[in-house]
Number of protein chains: 2
Amino acid sequence: MLVSALLTSVGINTALCVLFFTFYSILRKQPNYYDVYIPRLLADGTSKWRSLFGFERLIPSAGWVAKAWRITEEELLSSSGLDTVVFMRLITFSLKVFSFAGIIGIFVILPINCLGTQLDEFDIIDWAGNSLDVFTISNVNNGSKRLWIHFSAVYIVTIFTCFMLYNEYKYISSKRTSYFYSSKPQPHQFTILVRSIPTSSNSSVSETVESFFKEFYPSTYLSHMVIRRTSKIRRLLNEAKKLYKRRIQLQSDSNQQNCFRAFGRKVSRVDHYEKKLENIQENLRLEQSEASLAGEETRAAFVSFNSRFAAGTAFHLQQSVNPTQWITELAPEPQDVYWPFFSESFMRRWISKLVVIITCILFTILFLIPVVVVQGLTNLSQLKAWFPFLTSILTIKYVSQVITGYLPSLILQLFLKTVPPVMEFLSSIQGYISHSDIEKSACYKVLWFTIWNVFFATLFSGSFLYQVSIILDPKSIPGRLAVAVPAQASFFIAYVVTSGWTSTSSELFRIIPLIISLISRPFTKSTNDDELEAPSMPYHKDIPRILFFGLLGMTYFFLAPLILPFLLIYLCLAYIIYRNQFINVYAPRYESAGKFWPIVHNSMIFSLVLMHIIAVGIFALKKLSLASTMMFPLPVLTLLFNEYCRKRFLPIFVAYSAESLIKKDRQDRDDPNMAEFFDKLVNAYKDPALMPIQYSSNTDSLRRPLVS
Amino acid sequence: MLVSALLTSVGINTALCVLFFTFYSILRKQPNYYDVYIPRLLADGTSKWRSLFGFERLIPSAGWVAKAWRITEEELLSSSGLDTVVFMRLITFSLKVFSFAGIIGIFVILPINCLGTQLDEFDIIDWAGNSLDVFTISNVNNGSKRLWIHFSAVYIVTIFTCFMLYNEYKYISSKRTSYFYSSKPQPHQFTILVRSIPTSSNSSVSETVESFFKEFYPSTYLSHMVIRRTSKIRRLLNEAKKLYKRRIQLQSDSNQQNCFRAFGRKVSRVDHYEKKLENIQENLRLEQSEASLAGEETRAAFVSFNSRFAAGTAFHLQQSVNPTQWITELAPEPQDVYWPFFSESFMRRWISKLVVIITCILFTILFLIPVVVVQGLTNLSQLKAWFPFLTSILTIKYVSQVITGYLPSLILQLFLKTVPPVMEFLSSIQGYISHSDIEKSACYKVLWFTIWNVFFATLFSGSFLYQVSIILDPKSIPGRLAVAVPAQASFFIAYVVTSGWTSTSSELFRIIPLIISLISRPFTKSTNDDELEAPSMPYHKDIPRILFFGLLGMTYFFLAPLILPFLLIYLCLAYIIYRNQFINVYAPRYESAGKFWPIVHNSMIFSLVLMHIIAVGIFALKKLSLASTMMFPLPVLTLLFNEYCRKRFLPIFVAYSAESLIKKDRQDRDDPNMAEFFDKLVNAYKDPALMPIQYSSNTDSLRRPLVS
């Protein structure tokens, strides 16, 4: 790719970015779009619909940027929880690491790269028409002593990153512990989920659970809640909800547009929906009462204890002589439970896990088809060969620049948009019990998918089997990476700009909710605050992106430091935007207390080791074999560092220690509110599908006896 | 290797085997060698020195073979414990699997191999002068449809082995559970070992432990015993023991050889030792009392609880907020504790583990030098080139046969004898607390060492780097194995015969104890029963051998089935000898309740997968690519099977379930002996180096006050 093509891409994206920011600054002040731009404030009730009149509504303002920048970590913690704080720390962590790497990269390595004469073709006058390669390590002369500076930079940045990683892990661990100490008694702290409960013909699952825990935990067992199959009720509920929304909409329409409709027709339509709703509600009540009494029990139950320590004990110890029965895990928060898909037996979970893994691999393979097409688009001559009729257009300089510099990454970007939902779906059928676990697992899947299908597929464009053949020949990996990585520097810079800048600011703009809101009620305000639900943060979409950019920054900082300013601009944008779309848009649905930090840590370690492997290859390629050999200890030491961190910090992210649990239990011992809490705990894990609902305005049915 | 050379080796080894059996049958009846051949019976006191006179003492008899064969599993369990039963089951398991594989191999595959014409050089008249290759798969014609029989055999034997593995794992798991249920209360069931106790300047380790467990386990904590550094006392103890032995020997010499010595000299020598002993004993008493009061405390302690469930809880839960402090593990039996090397801190253990791993790798690399020499010896022409003056001797047919067929494996065998002690030493400095853990870890080390340095080094004789280069090129592994494995069939048959038959029967003969006994007292009986200590079974030496032969049997059964009869004879020999080297010789030092079975399971799975990889290569080499492709699902399914077993059974071998612990605790609740047991428990984990000893005949010193 030429410098000019890259500049075109940067230009387009900067323009788009500014446009999005400006539009957002204006639109967020229009009351019609409050539910798009500040749904969280509305749902919390902290901001009411208010009407601004006059000119200021139409002028973009940047006050919100300053506001987002100013908010402190404590404020964020109290308003959005620890997960949000940890997410923001991921961005600040990346900012710190890449500022450090950026200083070394731009002020030390970049000049050295430019001073090289290996690619002796750089024309200082027509610099925009030149390849970016002159700014990369490719331009440093083979065997040059200057390469030792690159070598030292790799060591220094690795040490700095590990130091930062250690501090961050330590800080977040301590935050996690103090969060637990300061938390109020919560149902999930006292509860475990038991799966694979052995069934017998002469007693129900509920009886089996009760007799088991009464026998083995007589002094600490409190209650249990067997999970029932409620898919039918769930279907009815969805139907009722839809009808209810339709009726509400019709009512508001009819109120406002009273005069435009014939009286008879209007009444009959609302009445028709009301009648339907009543029927469904009646059905639901019957189904619910049937399910709670004699519904199909799954072989899983939530079991609550009267202390956190007892729940911790039951979680940590293997319960039954047969390790595939009575499998325990920590219960998620009640609102975090993912009810729909409930695989309760050991074998079924195991098989669904296998199926998901295989599906993931297949999905990854099939996905390469569009990626290969995208690779083709970056190649202008190939494009001309494919579509000869376009030749005349493609020869226009500007068009060709757009196509090579911007279009490929945009198309890839659009394809990649389908990945997070697919991965989330796959994780959801893998047998996880909670939304947070599903998000975490989807996060890993999206991350590895991106690394494989963007990073490696771009480097080794070719068939899946070709890539597999590279992996099966590990000796050649450093060499191949060393050739391929610097050559793709410009592609990845363009990728950071497109996928980072524009995509992040388009999320600020919230295009899809905006379109929905424009279609459903172009000029009116029809929803009321009660039913407004703030969306939850899609961590599985955003964390992998930041981590993938981290991987790019890490692997490129000494090869092509030009990527770092673009990355830092992205991180600053992300810092502002995420702090804002948290204050105004996203409400935490659950609190995993920073459980996804280990993903960040592992990903950074992977990036470091990948950088070392590339460095080994580069120095061998540049005929500096001593540096290549002396690079070997670095990945080994990094992996040892990771192993130490895994032992030192990871257990804190799995479960709380006996010391914490017992201390926390003692705090509550004299609390008079505990009796009330335990009363509520008994029903905390009731399936929301079995809760009474009231959609119809006719309340008679609620009082009618079920059996006449 | 030629058939005749192999036959020579078999002949020599059979003769040696018969010789060992005959000598053993005679020598075991000589009272002078009772302490060599039946030390266990003597130590148990079940057999007394008795004098047989007459002719029958000099006639070999085979009654002991029948006796060893007849003993039931229950008798073995009650006399030697579960570990012994599990060890014997390893042999019977191998017998079953390889009998099945043997029937298929000898009656189906061997005829097919012989019917091939790929190596069309077999001379039926001079069959002893021919290569063994005609009996191997190498002789089957390329692309022959008959290879599908080999293909089916691989599938059938894999399925049968997996079926047997599952049953065996299940059986041993149930044995382990029932062993626990039927056991008496034992100190290690109520105790955990705590390491990495945080120290503070104003309290001792003992105070820290007491306050921690009194705070967090007030109702279940019973007592603790901080471990102290006792290396100095241990040195004194060893010195005292040596002096004591010397004195005893002198006394018995002087009693019997009264008339041969001058009175004054005799008395003064015994007195001299008695004086020295008294001094050391005095020193020891002082050191011991000092150590128990103010000796250097390590940061580790045994902590006992009043129930098994409480100990289990403290083991399973992470105790402290910092996961590298208060690290708990299950306590071994008191007699199983390995006191000398006690690394108590997390970092120190971690570093020693790393050092041991690196040392192991270095040892493996250096060991290849003798292996390469041995490889050279099998090659007659190379030998002639090295030692030209031997040419005349080497041309004698018999000598050349001995050298190619017997000598190489004998030399390798002698070198390999050094491996188990070295590996045991390495495991002992790795930071394990118990002899059983050290044995288990050494067992793994010896096994992988053998697989690497005997199997792979024989196949790919060459430098270590060459072997590493093969591993770094995994695609080529099946192909290379397919070429190398059948070619080495005869070497491994000779190896089974030498290392299996002769070595096992030489262990029956107990050469080294015999020599020691011959040197120390050629014609007299001087030891008395009290100080006789039966040796403990060296599992880390014997299990890897059996497992390695299992690997050979598994990988060769369809390539060169000729190995199977030799293997089965070895297993039968081993069955008799081990059942005998358990009744008469070895006494269990500890009881790990079959904890080493997972090693057996993993090793068998490895053998199966290795067989599949070789099969993939063989069928590709034999131009039957469909069979090669259709082999792929088998290793995947085998690994899935292994994964299932790991989930289903492995936890049972790590710790007992809550159900078992609580049930067992309840059994004891009304036992009146428990109070007495708990009294003893307090001192159960006292370092034996701190126990009072009495070697000197002068007992005054024991009553003398320590401080005058």
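Start in chain B and select its open four-stranded sheet, which has the order 2-3-1-4 with antiparallel pairing. Strands here are DSSP runs of E with at least two residues, helices are runs of H or I with at least four, and both are numbered from the N terminus. Two strands count as paired if DSSP finds at least two bridges between them.

Before you click on, note that this is a predicted model, where local features need pLDDT of at least 70, side-chain atom pairs count only at pLDDT 80 or more, and totals for chains, interfaces and linings use all residues. Residues are numbered from 1 along each chain as its sequence is written, while chains are lettered from A and ligands numbered from 1 in the order in which they are written.

**The sheet in chain B**

Colour strand 2 (221-228) and strand 4 (327-330) of chain B: they stand at the edges, each with a single partner strand, so one side of each has no neighbour in the sheet. From one strand to the next, the twist averages 25°. (Axes are lines fitted to C-alpha atoms, for helices over the stretch in contact, and angles run from 0 to 180 degrees between N-to-C directions.)

Next, pick strand 1 (residues 191-195) of chain B, which is joined to strand 4 of chain B by four bridges and runs antiparallel to it. Show Arg195(B) and you'll find it opposite Ile327(B) in strand 4 of chain B.

Now add helix 8 (residues 205-216) of chain B. It lies across strand 1, strand 2 and strand 3 (297-305) of chain B, and runs at about 155° to strand 2 of chain B.

**Two helices side by side in chain B**

Select helix 21 (residues 489-509) and helix 24 (residues 563-580) of chain B, whose axes are 10 Å apart and which pack at an angle of about 15°. Helix 21 and helix 24 of chain B are therefore roughly parallel to each other, a label for angles under 35 degrees (over 145 is roughly antiparallel, 65 to 115 roughly perpendicular, and the rest oblique).

Which residues should you show as sticks? On helix 21 of chain B, try Phe492(B), Val496(B) and Trp501(B), among others, and on helix 24 of chain B, Phe566(B), Tyr570(B) and Leu573(B) are among those they meet. Contact here puts the C-beta atoms, placed from the backbone, within 7 Å. The residues of this contact between helix 21 and helix 24 of chain B divide into 15 nonpolar, three polar and one charged. For those classes, Ala, Val, Leu, Ile, Met, Phe, Trp, Tyr, Cys and Pro count as nonpolar, Asp, Glu, Lys and Arg as charged, and the others, Gly among them, as polar.

**Where the chains meet**

Bring chain A into view. The contact takes 26 residues from chain B and 26 residues from chain A. On the side of chain B that touches chain A, helix 11 (308-316), helix 27 (633-648), helix 28 (650-654) and helix 29 (658-669) of chain B each give two or more residues. Helix 29 of chain B gives the largest share, four residues. By class, that side of chain B has eleven nonpolar, ten polar and five charged residues.

**Last stop: the symmetry**

A rotation of 180° with 0.0 Å of shift along its axis superposes chain B on chain A, with an RMSD of 0.1 Å; the fit is by least squares on C-alpha atoms of residues with pLDDT of at least 70 in both. The two copies are thus related as by a two-fold rotation axis. To find the axis from chain B, click Asp473(B): its C-alpha is the nearest in that chain, 2.5 Å from the axis.

Terms used: Two residues are in contact if their C-beta atoms, placed from the backbone, lie within 7 Å.
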